[in-house]
Structure formats: C-alpha cells, structure tokens
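Visitor: I should like to take a close look at a single part of this structure. Please explain its surroundings and then the chain to which it belongs.

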Amino acid sequence: MAYKNAAPQEHAYRRIDKEIKNNSIKNVLLFYGKEAFLIHWAVDTLIKKYVNDASKEMDLCKIDGTVTDFEEIRNHCETVSFLSEKRVVILRDFKLIEGGKTKGFDEHSEKLLVEYIKQIPDSCLLVMIADGADKRKKLYKAITEYGSVYEFGELDEKSLKGYIEKRFRESGKTIRSSALAQLISSSGYYDRNTDYTLYNLENDIKKAIAYERDAEVQGNTIDCVVSGNIDTDVFAMIDAVGRERKEEAYQMLHNLLSTGESEYKLIGLLCSHFELLLSVKELKEEGKNSVQMKDILGVHEFRIKKAFPMVERYSLNALRQILQKTYEIDKKIKTGLMEGSLALELYLAEI
C-alpha cells in the first residue's frame, strides 16, 4: 500500500505573523486551540500593531464573551477609533462559537451576528477567542468566509526547538541539542492527552535559567527543574525495565504511587505505551518511516521517535506477550483479584 504524505500545514502563529507584517489582516478573526500562550502573543502583537498607546483606553475594548449580547458587540465595533489605525475589539471566552450557550444570545441574535460579520467596518478589528470551535455552525462558516480562523495547536518539533533555543539565547545562555531533546522529552509536551503547554514550558525554562550557574544549560539542570507529567514518568519507567534496570523502575513506581497516582491510571498508561511500542515495531518491520507511522497511528512523530530505541530491545513476539500480560494485570486490578500496588510490582518483575 502506498502512502502519500500531506504537505505540512503552516502553524497559526507563523501565518498571522506574516499577515500582520504584510498588513493583510482581515477585520474578523477567530483564535482558538490548546496553546493559549500563542493566542496571548497574537493578541498582544495585534494591539501593538493597530492601537496607539496614547488612545488605548478608547481604541481597545475587551468584552466578556460569556455574558455579552449582539448589541454590545455591534456598538463597540461601530465606534470610530480615536487615534489608532484600527479600533480593536477583543471578545474573550466566546462559548457561542464552541457550540455552547452564551447569556444574551438566542437563535435570532446569533443570526444577526452572522449577518454582521459580513459588514464589520474597516476601521474595526474584531477578535473572537475560544477554547474550541464548532465548524458546523453558521457563525464559524461566516468567519471562515469573511474573516480568518487560526487554530493555535501544539508547535511542531522544529518550531518548539527554535523557541527554546531563542529563550535561552535571550537570557545569555546556550543549550546543546542533547539537553534540548531531554527538555522536550522530560516535559511530556508531545505526550498523548497531556495538559503541558507552552505556559508550563516557559516556567520550566525560567527555572532552568535561574538554576544554571554556567553559560550552558546542562542535562542535570533539566532533571532538577522540569516538572513533566505522569505519562512521561511511566514511559521512563518502561525504558528502565527495557534497559534491565529493575531497581530503578521499582523506585519510579514507588515515587508515582507515593504522590497519590491511581493504580488504575498507571496500568492504563502502561497499556497505552505498550500498544504504541507494538504498533511502532510492527510498522517498522513493514518498512514504514516515522512520518508514515504518524499518519497511520495518529500520534505525534516525536513520540514515535522516542519509541524507536525502545522497540529495538524487544522482539515482536516479546512485545505481544508483554502487552497481553499488561491486559491481564489490568483486569486483575480492576476486578479486585489483586491489590493494585502489589500487582504492579509483580508485573514489573515479570516483564
């Protein structure tokens, strides 16, 4: 079967940066997605571009999208700017675009807003911000047609590395590629269902800058300051087992349990990780590369690359047996046949 790789889509932050510099921004914008850090950056950049500092109180308006109505939005958009190139209206937390309810908006009001999107004055820039977007809604379709939609998802690996290097460089420090890779891996930024975002990464970078006394940020500094998450810890525990460092793996397990992590969650993550390892092993033996695997498995390429050295330590049959054993332990814990922490210790001893 042939696999055709789709051209990578330009990230929202790159796209809007170009449009701001080219002065090709449309009058209605929708920002949504996981990376609130980048949304905050985009809003600040727009304000600096279009709003005069001397008239910011008059030409910049921020509306609470959970309690607003159509008339309030229209009135602010129709107000002529004082000294600024454009009047910027920020509509925050606008649940209506997500498919949720917004106080002050009924079906008729929403229709009025859809129509108004088509005729917002050139002197105004309306920016709607939400966590997500319901692409079936007429409001979303109107913004797509008459304005611009930007989904601020996670950064690709190249952009993320560039961002980290830039932040350290701005602070007068450097970080070599091995420590940078360690930072990304330890953070769990690309882990499945992670809640680790650029806000968390920014905090960890600041801690590393403050902690490191040398000009170059070292790997042991990353170990000390990166908060990470449980998904990354479980992956590290599996890696320790694969390297035949059972005592290290036991210590990791005890650390996780001592922090109050649920045995059910831990065994669920173990199942998930070994399912990934088995899939990567199978596809690798079929001759697939990491990009093809990403498309087939629907997981980030960084996670697949992390799995590569681990799958080399196991045969295909061994991974199948380990996954089967993982399912068996999962069942024993959930049915109460074995106490959770004891079951996990025995499991680590047997794999």
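Guide: The following account begins with one proline and then turns to the whole chain. This is a predicted model, in which local features need pLDDT of at least 70 and side-chain atom pairs count only at pLDDT 80 or more, while totals for chains, interfaces and linings use all residues. Residues are numbered from 1 along each chain as its sequence is written, and side-chain values use heavy atoms, with hydrogens and water left out.

Pro121 is found in the loop between helix 5 (107-117) and strand 4 (124-130); helices (H or I, at least four residues) and strands (E, at least two) are DSSP runs, numbered from the N terminus. The relative accessible area of Pro121 is 22%, so this residue counts as partly exposed, a class that lies between buried (under 20%) and exposed (over 50%), judged with a 1.4 Å probe and protein chains only. Leaving aside residues up to four places away in sequence, Pro121 touches Asn27, Cys77, Glu78 and Tyr116, where contact means heavy atoms within 4.5 Å. Thr79 is 42 residues from Pro121 along the chain, and the C-alpha atoms of the two are separated by 9.5 Å.

As for the whole chain, there are 17 helices and seven strands. Of the 351 residues in the chain, 49% are buried. Among the contacts with a separation of 6 or more, 78% involve residues 24 or more positions apart. Taken along the principal axes, the C-alpha atoms fill a box of roughly 70 × 50 × 45 Å.
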